[in-house]
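Trainee: Before we look at this model together, could you take me through the reasoning behind the labels it carries?

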Amino acid sequence: MGAVLAFLRDDFPEVTISKIRFLEAEGLVDPQRTPSGYRKFSAADVERLAYVLRMQRDHYLPLRVIREHLDAIERGEAPPALPAPEARPGPLEEADRELAAASGVVLGVRLGRAELLAAAEAQEGELVEWESYGLVSAGPDGGYDGEALQIARLVAELGRFGLEPRHLRAMKAAADREIALVDQVVAPLRRHRNPQTRAHAEATARELATLSVRLHAAMVQAGLRPRPN
């Protein structure tokens with residue numbers, strides 16, 4: 001992995017091991033494994049990674065479209081034509097879509113207080129309590145985005161099982177620690193003078209958030225799975 005990273009950084013200085021692992025988890029590259037579990041990247045694997053990174057950096061293509069390109073190339077066909085510049089989503093938009101798919105967040109939502117309460121099937125007193133514990137918060141304009149809506153719905157659902165906001169403080173604290181960890185990883189990129197590098201920092205933060213959501217879900221499911229006696 002380290003050798004692959006060193007090779008790719010000549011053309012992609014912002015690439016990280018976490019990025020390569022993310023692309024592997026998404027099925028964009030599938031290196032062989034040694035009996036001890038180490039990855040063995042072939043020249044074709046490295047070329048494939050470079051293609052993915054180039055399509056993301058230069059054309060802002062979403063991963064599903066890049067996968068279609070790679071599948072076409074493997075079949076010996078020409079990859080689909082690149083979309084017109086105005087039709088391409090930016091790297092942040094694509095990362096947001098991937099994170100939304102993992103977490104269930106509704107993108108592009110902006111709700112007033114009454115609309116949020118109706119969508120979450122909650123009462124004013126409940127929202128006041130959620131806000132007092134820092135579980136839900138309004139934006140500077142007083143509105144609520146898709147993340148706030150998803151959190152409100154989940155908190156309301158947990159409340160139907162008897163879990164009150166005070167019980168969820170541990171989850172909020174854990175989320176804050178994960179946020180601090182992601183910030184630590186991307187902070188050097190955010191301080192970079194190159195605007196493209198700073199944009200890449202935000203996309204990386206969202207990718208890390210996606211992996212964090214998946215890891216959390218997997219660990220909870222594993223912990224709750226009945227163990228054989």
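Trainee: Why is E121 called exposed?

Mentor: This is a predicted model, and in it E121 has a relative accessibility of 61%; because exposed means over 50%, E121 counts as exposed. As for its place, E121 sits in the loop between helix 6 (113-120) and helix 7 (124-132), and its phi is near 55°, a positive value in a residue other than glycine.

Trainee: Why is G112 called partly exposed?

Mentor: The relative accessible area of G112 is 26%, and since buried means under 20% and exposed over 50%, with partly exposed in between, G112 is therefore partly exposed. G112 lies in the loop between strand 3 (110-111) and helix 6, and its C-alpha atom is separated by 7.2 Å from that of G142, which is 30 residues away along the chain.

Trainee: How do you know that the reach of helix 3 is close to the expected one?

Mentor: Helix 3 covers residues 43-59, 17 residues in number, and as the expected span is 1.5 Å times one less than the number of residues, the value to set against it is 24 Å, while the helix reaches 23 Å from its first C-alpha to its last. Just after helix 3, Y60 takes a positive phi of about 55°.

Trainee: Which elements are among those that cover the buried residues of helix 3?

Mentor: Those buried residues, among them V46, L49, L53 and H59, have a cover that includes helix 1 (2-8), helix 2 (17-25), strand 2 (39-40), helix 4 (63-74) and helix 10 (195-224).

Technical notes. Residues numbered from 1 in each chain as written. Predicted model: local features only at pLDDT ≥ 70, side-chain atom pairs only at ≥ 80, totals over all residues. Heavy atoms only, no water. Helix = DSSP H or I, 4+ residues; strand = E, 2+ residues; numbered from the N terminus. Buried < 20%, exposed > 50% of the residue type's maximum accessible area, 1.4 Å probe, protein only. Contact = heavy atoms within 4.5 Å.
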